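Subject: Structure for you, with notes

Hello,

Here is the structure I promised to send. Please open it first, then read my notes below.

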Amino acid sequence: MKIVTLSGDGIGPEIIQQAINVLRKIGEMYGHIFEFEEYLIGDIALEKINCSLPEETIVACKNSDAVLLGAVGGAVGVNRWINHPTGDRPEKGLLKIRQELGLYCNLRPAILYPQLKNASPIRQDIIGDGLDIMIVRELTSGIYFGKKLRTNGETDETTFAIDELYYNKKEIKRILEAGFNIAMKRSKNVVVVDKANVLETSKLWREVTQEVAKNFPEVKYSHMYVDNAAMQLVSNPKQFDVIITTNMFGDILSDEASVITGSIGMLPSASLGNGTLGLYEPSHGSAPDIAGKDKANPLATILSAAMMLRYSLNLEKEAQKIENAVIEVLELGYRTEDIFEKDKILVGTRKMGELVIGALNL
Ligand code: IPM
Ligand code: MG
């Protein structure tokens with residue numbers, strides 16, 4: 001199985017290395033051969049060949065079985081590329097690879113591990129015994145990909161910018177179907193988040209939701225305005241099972257959901273399209289401040305590798321093996337700095353990777 005790795009920037013290379021080590025071990029244990037090939041994306045790609053997503057990278061990803069990505073951007077200063085002649089910047093590489101591969105369905109699970117309960121900023125009586133929310137974010141349309149315009153006029157009024165928010169029915173339908181299908185495998189409870197009291201696109205989302213829901217009579221669904229959803233996520237998060245939403249609302253709500261689980265360093269993500277090819281990446285960023293210091297938490301990337309086994313390579317047993325190993329390591333009390341608490345054992349990136357590999361044998 002051919003796996004393209006895009007380590008990218010900041011802590012990317014360190015955490016990807018740990019995920020590769022874990023996958024190699026799983027390959028040995030179950031008799032699979034994973035071939036890894038590294039390609040450029042982001043800051044490092046701009047630095048080396050002046051383009052955030054080289055053609056070579058796109059071709060390699062398209063010819064692979066799955067893509068594992070570390071992190072993109074921020075590594076050499078946010079303003080570094082501000083005057084780039086084509087307006088390229090590291091994040092553009094990430095948006096483009098999602099679009100080139102047709103990965104419209106972004107799964108962002110927000111799970112609170114019982115072992116990490118104290119790390120949540122939310123009161124214990126609200127969090128209860130845990131949280132398990134799946135955010136299904138539309139990833140290749142909406143305001144991220146609509147027409148953009150910027151003018152520099154003579155006056156303040158003629159100097160303006162436009163970001164168009166566009167959705168067609170096909171795009172809405174396929175993300176809703178993906179979300180409802182996921183809900184069928186969980187507790188069959190969907191909340192579709194929008195801003196239908198203001199936005200025309202949201203009204204269309206509501207219409208299409210009603211249509212799609214007819215094919216899923218067992219799934220209970222409701223609509224919620226995004227401002228209310230942002231509030232409900234901190235005041236009553238346990239009401240949520242599957243949240244389906246637009247590109248931008250999903251970007252924002254998934255950060256919020258992740259932080260209430262205690263550490264963004266724990267959360268994986270999967271970006272899927274119509275085939276089995278998918279892109280897997282931790283939900284956190286490139287953390288340039290701790291890059292190269294053996295401090296980053298590799299667990300989100302290792303859990304992303306597990307999602308890759310599940311969704312792209314059809315290796316459910318192996319995926320669960322990794323997820324159980326991660327829980328075991330937490331149970332044994334090992335913590336990287338971001339999830340450290342008193343009386344636990346502080347370890348670095350490499351050691352954490354080794355511990356997971358050790359726990360695979362248990
Ligand atoms: C994410 C990130 C990206 C996004 C940025 C880096 C373009 O915030 O994956 O959530 O907004 O999609
Ligand atoms: Mg984001």
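Start with helix α3 (residues 55-62) and helix α4 (residues 90-100), whose axes come within 11 Å. They cross at roughly 40 degrees. The crossing of α3 past α4 is right-handed. From α3, the contact draws on Ile58, Cys61 and Lys62. From α4, it draws on Lys96, Ile97 and Glu100. By type, that contact has three nonpolar residues, three charged and no polar. Please keep in mind that this is a predicted model.

Cys61 deserves a second look. Its relative accessibility is 0%, so Cys61 counts as buried. Does it have a partner? I looked for disulfides next.

How many disulfides does a search of the whole structure find? Zero. A disulfide is a covalent bond between the sulfur atoms of two cysteines. For Cys61, the closest cysteine sulfur is in Cys51, 13 Å away, so the gap is too far for a bond. For Cys105, the closest cysteine sulfur is the one in Cys61, at 18 Å, again too far for a bond. The cut-off here is 2.5 Å between sulfur atoms. Cys105 is buried too, with a relative accessible area of 4%.

Now the sheet. Ten strands form it, and it is open. The order is β2-β1-β3-β12-β11-β4-β5-β10-β8-β9, with mixed pairing. β2 (35-38) and β9 (220-225) stand at the edges. Each has a single partner strand, so one side of each lacks a neighbour in the sheet. From one strand to the next, the twist averages 25 degrees.

Within the sheet, look at strand β4 (residues 105-112) and strand β5 (residues 131-138). They pair in the antiparallel sense, over eight bridges. Cys105 stands opposite Glu138 in β5.

Two helices to check against the sheet are α7 and α9. Helix α9 (residues 247-260) packs on the sheet and touches β4, β5, β8 and β10. The direction of α9 makes about 160 degrees with that of β5. α7 lies across β5, β8 (189-194), β9 and β10 (242-245). Relative to β9, α7 runs at about 175 degrees.

One residue of helix α7 (residues 200-213) is Ser202. Is Ser202 buried or exposed? Buried, with a relative accessible area of 2%. Beyond residues up to four places away in sequence, Ser202 touches Asp194, Lys195 and Ala196.

Next, helix α11 (residues 316-331), which holds Glu318. Glu318 counts as buried, at 4% relative accessibility. Setting aside neighbours within four places in sequence, Glu318 is in contact with Ile26, Tyr30, His32 and Leu309. Glu318 and Tyr30 are 288 residues apart along the chain, yet their C-alpha atoms are separated by 7.8 Å.

Finally, α11 and helix α12 (residues 349-360). Their axes come within 8 Å and cross at roughly 115 degrees. This crossing is right-handed. α11 brings Lys321, Ile322, Ala325, Val326, Glu328 and Val329 to the contact. α12 brings Met352, Leu355, Val356, Ala359 and Leu360. The residues of this contact divide into nine nonpolar, two charged and no polar.

Best wishes

Note on methods: Residues are numbered from 1 along each chain as its sequence is written. Chains are lettered from A and ligands numbered from 1 in the order in which they are written. This is a predicted model: local features need pLDDT of at least 70, side-chain atom pairs count only at pLDDT 80 or more; totals for chains, interfaces and linings use all residues. Side-chain values use heavy atoms; hydrogens and water are left out. Axes are lines fitted to C-alpha atoms, for helices over the stretch in contact, and angles run from 0 to 180 degrees between N-to-C directions. Helices (H or I, at least four residues) and strands (E, at least two) are DSSP runs, numbered from the N terminus. A crossing is left-handed if the near helix is turned anticlockwise from the far one by less than a right angle, and right-handed if clockwise. Contact means heavy atoms within 4.5 Å. Ala, Val, Leu, Ile, Met, Phe, Trp, Tyr, Cys and Pro count as nonpolar, Asp, Glu, Lys and Arg as charged, and the others, Gly among them, as polar. Buried means under 20% relative accessible area, exposed over 50%, partly exposed in between (1.4 Å probe, protein chains only). Two strands pair if DSSP finds at least two bridges between them.
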